Amino acid sequence: MSKDKDRSAQMDKIVALCKRKGFIFQNSEIYGGQNGFWDYGPLGVELKRNVREAWWQDMVNMHDPLDAPEGAPDKFQMTGVETSIIMHPQVWKASGHFDLFSDMMQTCRQCKKLFRADHVWEMIEESEWFQSLAKECGVAFGTQLATIDSAAILQWAKAKKQGRRLAPGLAVVRNPEVTLSWLAEHQQSQPNQPLSAVDLLRYLATEQKNQTGLQTPCPNCGGDLTEPRHFNLMFETHTGALQSDDNKAFLRPETAQGIFVNFKNVVDSSRVKIPFGVAQIGKSFRNEITPRNFTFRSREFEQMEIEFFCHPDTSPQWYKYWRDRRFAWYTSLGIGNERLTLRDHDADELSHYSVGTADIEYQFPFMAEGEFGELEGIAHRGDFDLRSHMEGKLQAKDGKLEVQLDEHGQPKWRGSGKDLTYFDDQAKERFTPHVIEPSAGADRATLAFICEAYYEDEQPDDKGNMQSRTVMRFHPRLAPIKVAVLPLIKKAGMPEKAKELFRNLKSAGIAAQYDEQSAIGRRYRRQDEIGTPWCVTIDGQTVEEDNTVTLRDRDSLEQVRLPMDEVVNEISNRLRST
Ligand code: GAP
C-alpha cells in the first residue's frame with residue numbers, strides 16, 4: 001500500500017473512533033447531516049474544553065505581567081474579552097471583509113455543483129472518474145507518460161469509449177485526438193521531460209483552452225466548469241422583524257474585529273499599557289464552498305485569537321516572539337516537532353491586511369505525504385485595523401496602506417471616526433499601535449491533538465495472548481478523563497473502596513470515571529482507547545491488607561503501588577507537573 005493510502009486509512013480509523021467513542025459526530029446526522037457542521041460528543045466536549053482552557057491559561061491567566069517571558073523583548077500585559085457574534089455591519093466594511101473576504105468559485109455546467117477554484121485540481125486527482133480514466137488509459141495514477149507508441153494510442157482510443165461512460169462531459173474524452181497530437185508534440189520538443197496524467201489533463205484544460213474550447217473538468221462528473229467567480233464567505237442574517245438591506249447583518253467570520261472595536265474600551269477600563277495583548281475565544285462562521293477533511297474546514301468553528309498591540313518600532317521583534325512562542329505551545333502539548341512546521345507566507349499569499357504572516361502547519365493524515373495543513377496563522381497586521389476603524393477602508397498602494405477614496409475624494413467606507421490612537425504618557429508620544437495576531441482554530445487544534453494521539457500497538461490480554469490495542473496518547477492536560485477507578489472484581493468490598501476513591505477524586509475537581517464492567521484487561525483497553533492517562537485498580541490487597549492500590553500508566557504500562565489516600569495528591573501533582 002502506498003504511504004498516502006496508509007495515511008488515508010489511518011484517517012478513516014480516527015474518524016470512526018471519534019464517532020464510536022463520542023468525540024465528534026456529524027451534525028444533524030439523523031436527517032442526513034449538514035455539510036460543514038460538526039457536534040462534539042461527551043468526550044469531545046471535554047477534550048475541546050481542555051484545549052481552550054490550556055490556551056487561555058497559558059496565554060492569559062498564567063501570564064506574568066511583571067516579568068518578560070523567555071524570548072520576549074519586554075514584559076507585557078495580557079487580558080481578555082468576549083464579544084458578540086453579530087456586530088455593526090460597518091465593522092465588516094471597515095475591516096475589508098465586505099469587499100474582499102471571498103473565495104474564487106467555479107460551478108459545473110452539468111451537475112451544478114460548486115467548487116473552490118484553488119481546490120479543483122486536487123479534487124480532480126482524488127475523483128473516482130479521474131482515477132478510473134487514468135487506469136483505463138493504462139496510465140495508473142502517477143505513472144509517467146514518457147513515450148507515445150501505438151499501444152498508447154490504442155489505450156487513448158479505449159479511453160474515449162470508456163471515458164464516455166465515466167465522464168461524458170470531460171474535454172479530453174470528447175477530443176482525445178487533441179491529446180494525442182499534443183503528446184506527440186510534447187515528446188518531440190521535450191523528450192526528456194515525462195508527464196503525469198494530471199499534467200496532461202491540466203495542460204488540456206488550461207493552455208490549450210483557447211484553441212480547443214476545452215474547459216477545466218468538474219471533479220464530480222467531469223463536465224465543464226464555469227470561469228472562477230468571487231463568492232463572499234460571510235453568512236448573512238437580519239436583525240429585527242423586517243428583512244431588508246437596511247437591517248442586514250453578518251455572522252462574524254473572525255473574532256478579531258470584536259477586539260479591535262473594543263481597543264479603546266480596554267485601554268480606558270483596564271489601564272493596560274502598550275505593549276499588551278487581548279485574547280478572545282469564540283465561534284466564527286464562514287460559508288466555505290468546499291468544507292472537508294472532517295472538522296478541518298467547517299462552516300461553523302471556534303477561534304482562539306490574540307491581538308497584541310505594540311509600538312511600530314518594536315513590532316518586528318514581537319512578530320518573531322509570537323511565532324516562536326505559539327509554535328512551542330503545540331509541542332508543549334505533545335505535537336511532534338517532525339509533524340509541525342512554521343511557514344512564512346509568500347508575498348502573493350498575504351491577506352489584504354497583512355505585512356507578514358507565518359503559518360504553523362501540521363501534517364494531518366488526510367494530507368498527502370509531506371504536505372501540511374494550517375493550524376494557526378501569526379500575522380503582522382501593521383496598523384491596518386485600528387486605522388480602518390478610525391478612518392475608513394484602507395487599500396494597498398505602492399506598498400503602503402492608504403484610505404480608499406470615492407469619486408468625490410471622500411473615504412469610501414467611513415470608519416467610526418473615533419480616535420483609536422494611543423498616547424504613551426512616559427514617552428509623550430501619540431501613535432497608532434501595530435498589531436501582531438496569533439490566530440488559532442480551536443477545532444483544528446483539537447483535530448491535530450486527536451490525530452497526534454492516535455496510536456496502535458499490541459499488548460497481551462488477561463490470558464497472555466497478544467491483542468491489538470488502540471491508544472489515544474493525549475497529553476494529560478488535554479485528556480477528557482484523567483483517571484479511571486477500577487475495582488478488580490465486583491465483590492469482596494472492592495467496589496465500595498473504589499467508589500470512595502472515585503468520589504474523592506471528583507471532589508478534588510479531577511475528571512474521573514468509575515468502571516466495574518467486564519475483565520480488567522478489557523477495562524484498561526477501554527480507557528486506553530479514550531486516552532485516560534492513568535487507571536487506579538482496587539484489589540484484594542487494598543481491602544484485606546494495606547489499603548494500597550495500583551496506579552497504571554497508559555503509555556509506559558508501568559504499575560506502581562501506593563496508599564489509596566495518596567492517590568488524589570499523586571494525580572494532582574502529576575497533572576500540575578506535565
Ligand atoms: N483573524 C485572522 C484569521 O481569522 P484565518 O487564517 O482566516 O485568520 C485563523 O483563521 C485560524 O482559524 C486558522 O488558522 C484555522 O485554525 C481557523 N480556521 C479558519 N477557517 C476555518 C474553517 N473553515 N474551519 C475550521 N477552522 C478554521
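**A buried histidine, a ligand shell and a C-terminal helix**

H380 counts as buried, at 9% relative accessibility. This residue is found in strand β13. The side chain of H380 makes a polar contact with the side chain of S315, at 2.9 Å. H380 also lies 7.9 Å from H434, C-alpha to C-alpha, although 54 residues separate the two in sequence. These values, like those that follow, come from a predicted model.

The strand that holds H380 also serves the ligand. β13 (373–382) is one of the elements that give two or more residues to the shell around the ligand. Its contribution is 5 residues, the most of any element. The shell as a whole comprises 21 residues. The closest of these are E254, R286, S298, E305 and E374.

Polar atoms of several side chains approach the ligand. For E254, a polar side-chain atom lies 2.6 Å from a ligand nitrogen atom. For R286, the partner is an oxygen atom of the ligand, at 2.8 Å. Q303 likewise places a polar side-chain atom 3.0 Å from a ligand oxygen atom. Taken alone, the ligand exposes 560 Å², and the protein buries 91% of that area. Besides β13, the elements giving two or more residues to the shell are β10 (300–310) and β18 (434–441).

Q303 merits a separate description. It lies in strand β10. Q303 counts as buried because its relative accessibility is 6%, and the cut-off for burial is under 20%. Its side chain is engaged within the protein as well as with the ligand. A polar contact of 2.8 Å joins the side chains of Q303 and S284. The Q303 side chain also reaches the backbone nitrogen of T255, at 3.1 Å. Neighbours within four places in sequence aside, the residues in contact with Q303 include P253, E254 and T255. Q280, I281, G282, S284 and R286 are also among them. The list further includes S439, A440, G441 and A442. E254 and R286 thus appear both among the contacts of Q303 and among the residues closest to the ligand.

The cysteines form no disulfide: the count comes to 0. C218 illustrates the point. The nearest cysteine sulfur to that of C218 belongs to C108, 3.7 Å away. A disulfide requires the two sulfur atoms to be within 2.5 Å, so this pair does not qualify. C218 is buried, with a relative accessible area of 0%. C535 also counts as buried, at 0% relative accessibility.

Helix α20 spans residues 567–577. Its buried residues are V567, V568, I571 and S572. Seen down the helix axis, these residues fall within an arc of 130°, so they line one face of α20. An α-helix has 3.6 residues a turn, so residues three or four places apart point the same way. On the other side of α20, N569, R576 and S577 are exposed. The cover over the buried residues of α20 includes four strands and a helix by name: β21 (483–487), β23 (534–538), β24 (548–553), β25 (559–563) and α17 (494–507).

Helix α17 contains M494. M494 is buried, with a relative accessible area of 5%. Residues up to four places away in sequence are not counted in its contacts. On that basis, M494 touches P487, L488 and I489, together with I538, D539, G540 and V543. One of these contacts, D539, is 45 residues from M494 in sequence. In space the two are 6.4 Å apart, C-alpha to C-alpha.

Values for the whole protein complete the description. The secondary structure comes to 20 helices and 25 strands. Of the 578 residues, 50% are buried. Contacts between residues at least 6 apart in sequence were also classed by separation. Among them, 65% join residues at least 24 apart. The accessible surface comes to about 27,900 Å². Carbon and sulfur atoms account for 47% of that surface.

Notes:
Residues are numbered from 1 along each chain as its sequence is written. This is a predicted model: local features need pLDDT of at least 70, side-chain atom pairs count only at pLDDT 80 or more; totals for chains, interfaces and linings use all residues. Side-chain values use heavy atoms; hydrogens and water are left out. Buried means under 20% relative accessible area, exposed over 50%, partly exposed in between (1.4 Å probe, protein chains only). The arc is that of the directions from the helix axis to the C-beta atoms. Contact means heavy atoms within 4.5 Å. A residue is near a molecule or strand if one of its heavy atoms lies within 4 Å of it. A polar contact is a pair of N or O atoms within 3.5 Å; within protein, one must be able to donate a hydrogen and the other to accept it, and residues adjacent in sequence count only if both atoms are side-chain atoms. Accessible areas come from the Shrake-Rupley method with a 1.4 Å probe; for residues, only the protein chains shown count as cover.
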